[in-house]
Amino acid sequence: MKAGAIASLLFIVTLAIGTFLVWSIVPRIGAVASMGPWMQAFTMATVLTVIMASVIVPLGITLDRWLSRLREYLQNLGDPESSATFCAPGWLKPVADSFTKAIEQYSEREAMLRNQLREIEINHHVSEAERRQIEAVLHALRDGVLVTNTFNEIVIANERAAEILGFAVDEATHQPIDKAIADEALCRMIVDTRDSGNTRDVRHVEHAISPDPQHGEPEVSYDVTLACVEDHKQDVGGVVTILHDLTREREVSQMKSDFVSKASHELRTPLASIRAYVEMLVDGEAEDEDSRQEFYRIIQDETDRLGRLIDNMLNISRIEAGIVQIERENVDIKESINRTIQTLEPHAREKDIGLHTKLAAIDLCVEGDKDMLYQVVLNLVSNAVKYTPEGGRITVSADSDNLTRSVVVTVSDTGLGIPPDSIPKLFGKFYRVDNYKRIAKGTGLGLSLCKHIVETVHHGQIGVESKLGMGSRFWFSVPMRYAGSQAAA
Ligand code: ADP
């Protein structure tokens, strides 16, 4: 209720009491009693007006002012910047003081609660952010992660764990592991780890898991890491299980041993040849100067081949390891092609092979490593020369592809062509078409190196189309500017 309304009510009540008192007292006064009724009424109204004007109205106004001030004071109590004060009259002071004290206590308590609420909100935001970070980390992991609580129920599992073990994350959360996971052996391992109670122990077990054993899905080997999680009392609060797929590591180690055996085989062939010719020279088996010169030439060829083999192996493994030194510059592809043609022209002429170019009249520049791109063009054209019989024709063309914003180089020959089953293996390390080994010497590493240079170093593409007996068309494309350089620019 507003202070004005209270004052008006007070005024009306006082008026009513005053009227009643005046009405019952004034007519008893002798002088008034002798007056006529109209005079009596007039006298009583005058007395009432005087009383009202001198006592009740000032009282009402003062009360209204106090109430207004009190209202203003109460309204501004919560506002720390307000300077509103309330001076209560003496008789109201004890009530006003205890009222003010209660309100101050309430304000302090309210401020404290507000601070607590703010702290709770901040903590909530922090833990929410942490939860999201953990979820993001778990989601990004290639390993399966499963966390179970002390009752062996799933608390956290990432998508990879669900994929490996064949369950749905949403359904499995808070489920006992033996209900969610079909792999009994793994469930037993988790329960055993939980029961061991050893929070410092981390176990590694190699274990084969099938995501759906009932439908005969093949088993995959995993390195399973099991570790106890401590709770706030430093007891076992659960178990964290990490499933690491061993397939890729096995493949890599298989690839490494294949590479070593192929590389040693390829190195042994020229070495054996060099050793044989050197022995013959030492034993004096080359009787005349012509034979000796022939032996020297063979030794030189084989040494060159050894050198090429080692260079190619090193270049490929440097690119694969990401440690190759790349000299980026503006490379004019037409210049690389012309240089290649100049180098290989004599070889082509020896075999009566026509070496032609079809180069677009526009600028064909790409951003890349000049020597490496020259190496690609040289390898493709030298292969074309090697595997094209006498009288054949080789055409090297280059143009820009506006759609992909790249430069495309094509080397077409009218040579032997490539058997269809060899095409998918052609860019692999040490691959050589069996029947062509007699036709030309090679390392089987040239195309592999080209693929690495084009795709890994220059973010381009390389490919081949071929018809056996009709010839081959090797091509590669390199972006004029690739995304990495644009970002850096
Ligand atoms: P190499 O040193 O043996 O030439 P490459 O990696 O350059 O090694 O080539 C791999 C194999 O691909 C070659 O051994 C050859 O059998 C085949 N090949 C490459 N280019 C051609 C081509 N233009 N025509 C026919 N076969 C080719």
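Contact here means heavy atoms within 4.5 Å. Helices (H or I, at least four residues) and strands (E, at least two) are DSSP runs, numbered from the N terminus. The model is predicted: local features need pLDDT of at least 70, side-chain atom pairs count only at pLDDT 80 or more, and totals for chains, interfaces and linings use all residues. Residues are numbered from 1 along each chain as its sequence is written, and side-chain values use heavy atoms, with hydrogens and water left out.

**Exercise 1.** Work out how α11 and α12 pack, and which residues meet.

Start with the geometry. Helix α11 (residues 333-350) and helix α12 (residues 370-386) pack at an angle of about 35°, their axes 9 Å apart. (Axes are lines fitted to C-alpha atoms, for helices over the stretch in contact, and angles run from 0 to 180 degrees between N-to-C directions.)

Next, the hand: α11 passes α12 in a right-handed crossing. (A crossing is right-handed if the near helix is turned clockwise from the far one by less than a right angle, left-handed if anticlockwise.)

Now the residues. From α11 come Ile333, Glu335, Ser336, Ile337, Arg339, Thr340, Thr343, Leu344, His347 and Ala348; they meet Lys370, Leu373, Tyr374, Val377, Leu378, Val381, Ser382 and Val385 of α12. By class that makes 10 nonpolar, 5 polar and 3 charged. (Ala, Val, Leu, Ile, Met, Phe, Trp, Tyr, Cys and Pro count as nonpolar, Asp, Glu, Lys and Arg as charged, and the others, Gly among them, as polar.)

**Exercise 2.** Describe the packing of α10 with α13.

Helix α10 (residues 289-321) and helix α13 (residues 446-457) pack at about 25°, with axes 10 Å apart. The two are therefore roughly parallel. (Under 35 degrees counts as roughly parallel, over 145 as roughly antiparallel, 65 to 115 as roughly perpendicular and the rest as oblique.) Their crossing is left-handed.

On the α10 side, look at Asn312, Asn315, Ile316, Ile319 and Glu320; on the α13 side, at Gly446, Ser448, Leu449, His452, Ile453, Thr456 and Val457. Sorted by class, this contact has 5 nonpolar, 6 polar and 1 charged residues.

**Exercise 3.** Trace the mixed sheet and place the helices that lie across its strands.

The order is β7-β9-β10-β12-β11, 5 strands in an open sheet with mixed pairing. (Two strands pair if DSSP finds at least two bridges between them.) Its edges are β7 (354-359) and β11 (461-467), each pairing on one side only. On average, neighbouring strands are turned by 15° against each other, direction ignored.

Zoom in on one pair: 7 bridges join β11 to β12 (residues 471-479), and the two run antiparallel. Gly463 stands opposite Trp475 in β12.

Then add the helices. α12 lies across β7, β9, β10 and β12, at about 175° to β12. α13 lies across β11 and β12, at about 140° to β11.

**Exercise 4.** Do the same for the antiparallel sheet.

Its 5 strands form an open sheet in the order β2-β1-β5-β4-β3. β2 (154-157) and β3 (202-209) are the edge strands, and the twist averages 20° from one strand to the next. Inside, 9 bridges join β4 (residues 220-230) to β5 (residues 236-245), with Val224 opposite Leu243 in β5.
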